[in-house]
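Subject: Handing over a structure, with notes

Dear colleague,

I am passing on to you the structure shown below, and after it come my notes on what was found. Please read them with the sequence and the model side by side.

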Number of protein chains: 2
Amino acid sequence: MQRTEIRALYAGASQYAGQRVTVCGWVRTIRDSKTLGFIDLNDGSCFKGVQIVFEAEHVENYKEIAKQNVGAALRVTGIFVETPEAKQPFEIHAREIAVEGTSTPDYPLQKKRHSVEYLRTIAHLRPRTNLFSAAFRVRSAAAFAIHKFFQERGFVYAHTPLITASDCEGAGEMFRVTTLDLENVPRTESGEVDYSKDFFEKPASLTVSGQLEGECMALAFGKIYTFGPTFRAEKSYTQRHAAEFWMIEPEIAFADLQDDMALAKDMIQFIIRYVMETCQQDLAFFNQFVDKGLLERLSHVAESDFGHITYTEAIEILEKVNDRFEYKVHWGSDLQTEHEKYLTEQVFGRPVFVTDYPKEIKAFYMRLNDDGKTVAAVDLLVPGIGEIIGGSQREEREDVLLGRLAELGLNPADYWWYLDLRKYGGVQHAGFGLGFERMVMYLTGISNIRDVLPFPRTTGSAEF
Amino acid sequence: MQRTEIRALYAGASQYAGQRVTVCGWVRTIRDSKTLGFIDLNDGSCFKGVQIVFEAEHVENYKEIAKQNVGAALRVTGIFVETPEAKQPFEIHAREIAVEGTSTPDYPLQKKRHSVEYLRTIAHLRPRTNLFSAAFRVRSAAAFAIHKFFQERGFVYAHTPLITASDCEGAGEMFRVTTLDLENVPRTESGEVDYSKDFFEKPASLTVSGQLEGECMALAFGKIYTFGPTFRAEKSYTQRHAAEFWMIEPEIAFADLQDDMALAKDMIQFIIRYVMETCQQDLAFFNQFVDKGLLERLSHVAESDFGHITYTEAIEILEKVNDRFEYKVHWGSDLQTEHEKYLTEQVFGRPVFVTDYPKEIKAFYMRLNDDGKTVAAVDLLVPGIGEIIGGSQREEREDVLLGRLAELGLNPADYWWYLDLRKYGGVQHAGFGLGFERMVMYLTGISNIRDVLPFPRTTGSAEF
């Protein structure tokens with residue numbers, strides 16, 4: 001079926017002037033006064049809709065159209081008319097209108113402001129609202145920007161597994177994946193769960209990170225990235241945590257922490273620039289209705305140098321103003337969002353890398369610095385959100401890595417293949433993780449992760 | 001750290017002639033004769049490596065280098081020399097070589113042919129072999145081609161959920177996702193599993209398809225696609241089935257089965273052309289060592305028209321030659337791979353769409369045809385593999401859909417949100433699913449799904 005998308009009308013307005021066009025979409029508003037009516041028709045191809053002017057004189061089934069409800073789907077053929085004096089740059093004067101699908105007066109998305117809490121209960125319909133239409137369009141553009149960034153630079157996209165039977169990730173609570181009958185869990189003779197009867201013949205879980213497998217790939221391809229779903233089974237009711245979310249994890253070989261930071265900066269700036277170029281209508285909406293400072297902040301981050309301090313320097317700065325924080329900091333404590341925001345917003349006024357954290361608060365695979373106390377970790381803090389990226393140079397020295405495993409009481413046998421990477425042509429390498437939803441929140445100003453995921457999964461909630 | 005990727009050397013060979021370059025990579029082969037040695041160094045940036053010539057006269061640590069093992073990681077600085085008379089177009093005459101990481105004589109990937117079965121047991125190292133290096137590079141390029149295809153055409157990339165608590169997908173056995181303690185499953189007073197104690201407070205599983213959620217998005221954005229992991233808990237030891245695999249599911253509104261077929265054809269041809277352009281070295285390898293007819297078949301499919309017959313016509317053709325099939329066909333029976341391959345390879349000699357299957361062998365959501373017996377389903381069959389895509393126009397008529405649910409004994413209440421899509425501005429829409437691994441197998445000639453997934457998850461196996 002031939003139709004012109006409304007996006008194309010905005011992109012090439014003058015070329016359509018006086019032309020006959022067919023558009024299809026859903027009624028956002030409709031009003032009529034006996035012989036003349038107006039419809040705001042939206043087809044989701046871009047943020048804005050198009051005004052349809054329909055007159056009894058020109059539209060055979062005027063009465064049928066005039067009684068349509070909000071939410072109905074229409075196919076409209078008419079004349080494209082530029083309207084330089086009106087609010088909207090053009091409108092369509094209808095000649096034929098067909099009803100593709102009716103709606104009802106109780107359609108949940110009437111022309112009024114709905115709370116985001118209510119809209120979450122109708123996640124199947126909320127993409128038809130301004131807010132969610134824009135949010136998921138930005139999400140899509142940002143995802144493509146990420147692929148484009150890495151592919152143009154020769155990175156190999158690696159699909160690391162989601163189901164994992166290895167216990168060696170150690171980053172938070174995991175969901176169990178099983179085909180055992182929970183009503184009647186099979187037992188071994190000694191009374192334990194008989195995982196030999198399970199699908200994978202051993203306990204399996206949903207991954208919390210593809211990093212370790214990503215390292216395998218980086219030490220073959222040089223530069224790789226992952227982009228896939230990740231899971232956390234931690235009970236949480238905050239605005240920032242979902243049980244299922246998407247993560248990007250690049251990993252680069254023959255590279256150190258400086259290279260890692262340069263990559264992170266380039267990637268963040270690329271994503272912002274790409275979304276600002278391709279989603280102008282959407283970002284204008286967010287800037288006007290969700291977060292007044294959004295466009296200014298994004299432009300600033302896209303162009304500015306990023307700052308850099310060590311964790312130790314950060315603590316010195318923060319200790320001087322400890323009285324303004326709920327959580328007081330000292331050397332050895334982890335940074336909370338309030339500290340991160342203070343550093344990036346008050347001290348730097350721009351994004352800032354914090355590096356070289358105490359080894360005690362970071363993961364076993366991070367490269368031990370020469371001081372023996374800190375590791376080559378890096379977090380990127382950005383104004384308005386705090387930490388957006390966490391990464392590190394990885395420990396490539398087998399003996400040091402074995403020492404770290406021992407310190408933490410971890411069993412080297414569980415890490416045999418990870419250790420192999422250090423035995424056979426191990427090289428300096430580094431990587432980081434970007435939580436995709438956090439990036440989308442940053443790009444839109446939306447403050448609740450439930451509103452940047454089409455169908456969010458959170459503690460106690462897996463609807464639709 | 002500055003290095004030039006070997007890919008860049010191949011792309012711009014003459015510009016490097018006589019220049020000093022630094023390359024980093026892993027030793028594939030090494031041989032020396034006292035004062036002169038040769039190394040095949042591979043950095044994974046492209047299929048081919050570069051020959052390093054090192055001489056005692058120019059390289060200070062000649063002896064150290066000469067005794068390196070296969071698998072060692074080196075950083076080589078030297079002069080780029082064109083060698084138009086030799087097998088390889090250029091080589092590097094080393095001036096400095098640093099050992100980034102040693103290897104050992106027992107490195108598993110020695111210069112000899114290993115069985116793919118053995119290589120699966122070292123999935124952390126196999127991307128360093130020719131076969132898997134090429135396979136995962138093609139996989140990455142194909143994935144990007146898919147994003148590029150849809151994004152350039154204005155489709156919104158939709159992340160549909162992986163964890164689902166709805167039972168309405170009905171396409172195969174599912175993995176249960178739980179945080180309940182399997183050693184001690186909590187029970188209600190009446191003795192059943194107490195799912196109110198589970199993370200989502202009800203039973204949850206891993207999705208087998210994002211289609212139903214994808215339809216919600218298509219009826220807001222007009223055109224969407226998903227690209228994400230999907231799961232099947234069916235016990236299977238075949239070459240074609242994995243428990244975790246990736247799937248692409250586009251969904252288009254204001255569209256019928258013809259539009260769906262046109263989209264499928266365009267997408268398949270776009271992917272093939274993109275991979276043929278960007279992975280020439282890799283495809284040349286597959287064509288030479290894995291599947292001699294590969295390039296010819298891909299070129300043919302990329303350029304040819306696709307055939308089209310109905311299921312009923314297909315059965316008529318197949319019944320005439322029923323004696324050559326293990327499974328005899330008759331109207332009403334599902335097509336097996338042997339039938340599909342016969343149709344596309346023997347009858348058509350090119351890809352062919354088969355449409356309008358009996359409703360009894362297809363899913364409830366497929367649009368009922370006017371004959372009341374068949375549905376607007378489509379499978380795309382391609383030479384060498386059989387079915388690669390399955391899709392349909394969706395039933396947009398609420399009353400007909402309710403009738404189908406009733407016929408199948410399904411409870412409409414479980415589908416309330418899916419039915420809402422028909423109530424509020426429902427329109428003709430269609431979509432299909434492409435199993436990504438099947439596409440990669442098609443692009444490479446690799447016959448086992450375990451060899452196109454970096455870390456495959458199959459019945460009884462979830463290593464790494």
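To begin with one helix, the buried residues of α6(B) are B:Q211, B:L212, B:E213, B:G214, B:E215, B:C216, B:M217, B:A218, B:L219, B:A220 and B:F221, where buried means under 20% relative accessible area, exposed means over 50% and partly exposed lies in between, with a 1.4 Å probe and protein chains only. Because 11 of the 11 residues of this helix, residues 211-221 of chain B, are buried, α6(B) is largely enclosed by the rest of the structure. Just after α6(B) comes B:G222, which takes a positive phi of about 85 degrees. Helices here are DSSP runs of H or I with at least four residues, strands are runs of E with at least two, and both are numbered from the N terminus.

Before going further, please note that this is a predicted model, in which local features need pLDDT of at least 70 and side-chain atom pairs count only at pLDDT 80 or more, while totals for chains, interfaces and linings use all residues. Residues are numbered from 1 along each chain as its sequence is written, chains are lettered from A and ligands numbered from 1 in the order in which they are written, and side-chain values use heavy atoms, with hydrogens and water left out.

A second enclosed helix in chain B is α13(B), residues 416-423: 6 of its 8 residues are buried, so this helix too is largely enclosed by the rest of the structure. The buried residues are B:W417, B:Y418, B:L419, B:D420, B:L421 and B:R422, and they pack against α6, α12 (398-407) and β16 (429-435) of chain B, contact meaning heavy atoms within 4.5 Å. After α13(B) comes B:G425, whose phi is positive, near 70 degrees.

Next, a pair of helices. The axes of α5 (residues 130-152) and α7 (residues 257-278), both of chain B, come within 9 Å and cross at roughly 135 degrees. That makes α5(B) oblique to α7(B), since angles under 35 degrees count as roughly parallel, over 145 as roughly antiparallel, 65 to 115 as roughly perpendicular and the rest as oblique. The crossing of α5(B) and α7(B) is right-handed. On the α5(B) side the residues that meet α7(B) include B:V138, B:F144 and B:F149, and on the α7(B) side those that meet α5(B) include B:L263, B:F270 and B:Y274. By class, this contact of α5(B) with α7(B) has 14 nonpolar, 1 polar and 3 charged residues.

Some single residues of chain B also deserve a look. B:T178 lies in strand β8 (residues 176-178) of chain B and is buried, with a relative accessible area of 0%. The side chains of B:T178 and B:D198 are joined by a polar contact of 2.8 Å. Leaving aside neighbours within four places in sequence, B:T178 is in contact with B:D198 and also with A:F175, A:R176, A:T178 and A:L182 of chain A.

B:Q393, in strand β15 (residues 386-393) of chain B, is buried as well, with a relative accessible area of 6%. The side chain of B:Q393 reaches the backbone nitrogen of B:L257 at 3.1 Å, and among the residues that B:Q393 touches, not counting those up to four places away in sequence, are B:Y365, B:R367 and B:H429.

Two residues other than glycine have a positive phi near 70 degrees, namely B:K34 and B:F464. B:K34, in the loop between β1 (20-32) and β2 (36-42) of chain B, counts as exposed at 75% relative accessibility, whereas B:F464, in the segment after α14 (436-444) of chain B, counts as buried at 7%.

Turning to chain A, there are 14 helices and 16 strands, and of its 464 residues 61% count as buried. The C-alpha trace of chain A spans about 85 × 60 × 45 Å along its principal axes. In strand β4 (residues 73-82) of chain A sits A:F80, which is buried, with a relative accessible area of 1%. Including A:L9, A:Y16 and A:F90, several residues are touched by A:F80 when those up to four places away in sequence are not counted.

With kind regards

How values were computed
Axes fitted to C-alpha atoms, helices over the stretch in contact; angles between N-to-C directions. Left-handed = near helix turned anticlockwise from the far one by under 90°. Nonpolar A, V, L, I, M, F, W, Y, C, P; charged D, E, K, R; others polar. Polar contact = N/O pair within 3.5 Å; in protein donor to acceptor, adjacent residues only side chain to side chain.
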